[in-house]
Amino acid sequence: MFYLKAFISSLYNIEWLGAQKKQTAKGFAYVVLLMLVLSGAYSLYLVREIPNVITEGVTYLKTEVPDMSATVTDGSLTIDGVEQPYIFEGDDFLLYLDAREDSVVVLEDVVDLDTKDALVLTNRTFMVHQQGSKTETHYIKDLPNFTFTKADVIGLGEKVALGLPAFVFFLLWFVLFLGFGIWKIIQLLFVSFLAWGVSKIAKKKWLFEEIYTVGLFAITLPTILLFILSTFFDVQIPYAHTLLVLAILSVVILQKPKHHDPLDTLKDAWKK
């Protein structure tokens with residue numbers, strides 16, 4: 001019952017948040033439950049969405065991509081059945097294939113690094129780029145010898161499009177739970193330090209561990225809000241979580257203590 005009340009109260013009740021500064025054990029338990037629920041919800045969304053995306057990809061392969069094959073032999077990639085360089089460009093993704101032995105590909109020349117994700121395959125390397133982020137370069141020599149064709153890819157895609165097995169859901173749930181949970185707890189250390197600085201400037205008598213404990217509950221609203229924006233609206237706001245949690249903690253720290261009527265205290269004690 002406490003955790004349901006904690007979830008509801010942490011969404012709006014500043015006074016309640018401030019009163020939790022000594023509830024460290026419950027705070028960590030609450031974060032575990034919150035991350036379990038959110039990571040489970042996102043895993044369910046992914047296992048439902050991935051087959052839909054793959055179905056669209058299979059349809060595109062059937063209608064737009066020529067019959068082609070790719071072969072890796074002793075660290076070298078060869079592509080047959082398609083004129084190279086072969087370029088597929090979507091709204092936010094680019095696929096660039098050029099496995100000719102004499103080809104030299106400069107990533108900046110083929111894709112806008114700030115606006116598109118990209119997969120670039122050459123005779124010796126494949127580069128994976130996420131927009132606005134760094135590029136990872138991998139080497140064909142690290143791959144085993146194999147051959148696959150367009151038909152192989154379509155067949156695999158059609159199997160996955162029928163639905164993902166249950167273990168994939170639980171694997172995603174476990175990985176996302178660890179990732180979300182560890183990141184939130186570490187990130188909160190930094191935000192709590194900033195909030196502790198606010199308390200020192202304002203000459204408020206808050207200990208760092210008290211601020212951190214309140215933060216374990218205060219992350220609820222920012223986490224859910226940004227989760228909805230990123231998952232369903234594809235909206236990413238840099239540093240939004242940090243700033244929102246810092247704002248909530250600052251309000252908690254700077255709020256004036258409420259003076260309770262002694263009679264109300266006696267009534268509360270009688271009810272207990």
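Let me start with one pair of residues: Val120 stands opposite Met127 in strand S6, where strands are DSSP runs of E with at least two residues, helices are runs of H or I with at least four, and both are numbered from the N terminus. Before I go on, please keep in mind that this is a predicted model, in which local features need pLDDT of at least 70, side-chain atom pairs count only at pLDDT 80 or more, and totals for chains, interfaces and linings use all residues. Residues are numbered from 1 along each chain as its sequence is written, and side-chain values use heavy atoms, with hydrogens and water left out.

Strand S5 (residues 117-122) and S6 (residues 125-129) run antiparallel and are joined by four bridges, strands being paired if DSSP finds at least two bridges between them. The two form a hairpin, with two residues between them. S5 is also joined to strand S4 (residues 93-98), by six bridges and in parallel, and here Leu95 has Leu119 of S5 as its bridge partner.

Turning to the helices, H1 (residues 2-10) packs against H3 (residues 24-64) at an angle of about 80 degrees, with the axes 11 Å apart; axes are lines fitted to C-alpha atoms over the stretch in contact, and angles run from 0 to 180 degrees between N-to-C directions. The two helices are therefore roughly perpendicular, the word used for 65 to 115 degrees. On the H1 side, Phe2, Tyr3, Ala6, Phe7 and Ser10 meet Lys26, Ala29, Tyr30, Leu33 and Leu34 of H3, contact meaning heavy atoms within 4.5 Å.

Finally, Val160 lies in helix H5 (residues 150-161) and, beyond its neighbours within four places in sequence, is in contact with Pro51 and Ile54.

Key
Angles under 35 degrees count as roughly parallel, over 145 as roughly antiparallel, 65 to 115 as roughly perpendicular and the rest as oblique.
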